Amino acid sequence: MLSELYIQNIAVIEKTSVTFSGGLNIFTGETGAGKSILIDAINAVLGSRTSKDLVRTGEKKALVTALFQDLGPVSREALTSLGYEPEEDGSLLLTREITSDGKTSCKIGGRPATAAILREAAQNLITIHGQHDNQALLSPERHLGFIDDFGGTASLLEEYRVEYAALQNLKRELERLTADDREKSRRMDLLRYQVDEISAAELSVGEEEQLRARRKIISNAAKILESLHSAHDILFGGEDSDGVVGQTEELSGNLSFASGYYPQLSGMASRVQEMHYELEEYAGERRDVLEELEVDPGDRDRIESRLDVIYQLKRKYGASEEEILAYLAKAQEELDSITHSDELAEKLRYELKLTEKKAEILARNLSEKRREAIERFAARVGEELRFLDMPSVKFTVDRQETELTARGIDRVEFLISTNPGEPPKPIGRIASGGELSRIMLSLKNVIADSDQVDTLIFDEVDAGVSGRAADRVGQKLKEVSRGRQIICVTHLAQVAAFADNHLLIEKSVSEGRTFTQVETLDRAGRVAELGRIMGGAAQTPAVLQSAQEMLSHAAGMGQA
């Protein structure tokens, strides 16, 4: 459960620390005191999207921390799967910092985390139900989600969705294969041309580099030949002089003779002899090079023509030989696919039939579970509504079968009849604001039994409710809080009277700036606050006596 919330520089809250207890925690305060900001701060530390507008004016950053104690097994398992662990005593600290330029940082147990990871970890810690949730009742598309939550069909739904996605992929592939014949014919003509053009070129990887190197040699053949002849003359000499080869042979002989008397010269003699042999080998290598330099007058034209072919292919199909050949393989594959499209289409139709059958079976299984859940769900919601002082309201769930969709074969809509003898109608058409709040509270309470979240937050779900109905809402919140922690923001004294922990949000102005503080009320403080809610500024003895009686009544009902 949430044990402590620390808020710094969030809107009108400069700095405050809120301590929560188990059971029912109630927030009250005058309109504009900052109750909605408190919910915004909790949303922020749970990883929801934030805005720099949350940061208190004039401050560089805002900070929210939430300390949780006695984490349940589901929360622990979720944390572990994300790579985080609670402390040895079972506590966990979540931190969210927001800067005035809109940047945020998150931590789980002191370790950095992304907002997405924080949000995933927190979804098993707290569920927030706000006034905007009532809009879900006005949208039939949202109603099936309530049934799935209640019936625990998440795994069946996920299994079906995997098969449904495979079915849609097969349909798209079959549609592509059975496209317009004219379009297929045009595409095949283009692919054949491209395949033939690339194949005819008989391209090989590295060919362009080799051609460019050969072209460079041909362009400089005369200079290369002149250099080779000059090198030959230096090595082998001419009619009037010995070349280096002859001189090294003579040098080797002289050194060899001298080494007979001076053994230390033998090494040098050997090296000079090896040098002489290496220089003689030049003659063979020179012949090979000269043969390569025998240029056919048409070689240059053929090289330029071939390079132009490669250039044209690169301009159309890729920046290198590898890319061009890869394009060839892909085009050939597509051409083969279209050529054999009838055969492939028949295969896909067979796969489509099998997949559709599997999806239908899964959808039927899912639908059966939903029908069982619908019957139990409607009965439970009816019980809740009767308790919440709506005995004449009849709640029903209308189910219609549809074609296969991403959600199965079911479409459901919640209907109510507010007066005996009237046929059920869509909730959005006939329910008042107060009725919507109580219906939503009923739905949430029914679903909560199958929910593993330790803490539920209700943000003014009692809007539009008063009198006896308000008392019943307080009783229901008290009842639910026996099994988990409940945090509720309310304007109703009847609801606030049931609190195990009553927290007052107060706003004050000092030196032209607004400040909000949160105070835990004792019995006397609770009497005064309930009196304020009931009688406004007029704290008469009668009002305070009524507040005392309301607290005593709630205490007695809470023990019942």
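What share of the contacts in the protein with a separation of 6 or more comes from residues 24 or more positions apart? Such residues account for 71% of these contacts, a contact being a pair with heavy atoms within 4.5 Å. The structure is a predicted model, in which local features need pLDDT of at least 70 and side-chain atom pairs count only at pLDDT 80 or more, while totals for chains, interfaces and linings use all residues. Residues are numbered from 1 along each chain as its sequence is written, and side-chain values use heavy atoms, with hydrogens and water left out.

A first look at overall form is helpful here. The radius of gyration, taken over C-alpha atoms, is 43 Å, whereas a compact globule of 560 residues would have a value near 24 Å (the globule rule is 2.2 Å times the number of residues to the power 0.38). Along the principal axes, the C-alpha atoms fill a box of roughly 140 × 70 × 45 Å. Of the 560 residues, 42% are buried, meaning under 20% relative accessible area with a 1.4 Å probe, protein chains only.

Turning to the interior, the largest nonpolar core has 44 residues, among which Phe27 and Leu94 touch the most other members. A nonpolar core is a set of buried Ala, Val, Leu, Ile, Met, Phe, Trp, Tyr and Cys residues joined through side-chain atoms within 4.5 Å. Helix α1 (residues 35-45) gives the most to this core, with seven residues; helices are DSSP runs of H or I, at least four residues, numbered from the N terminus. A second, separate core of 29 residues includes Val461, Ala469, Leu477 and Val495.

Notes
Buried means under 20% relative accessible area, exposed over 50%, partly exposed in between (1.4 Å probe, protein chains only). Helices (H or I, at least four residues) and strands (E, at least two) are DSSP runs, numbered from the N terminus.
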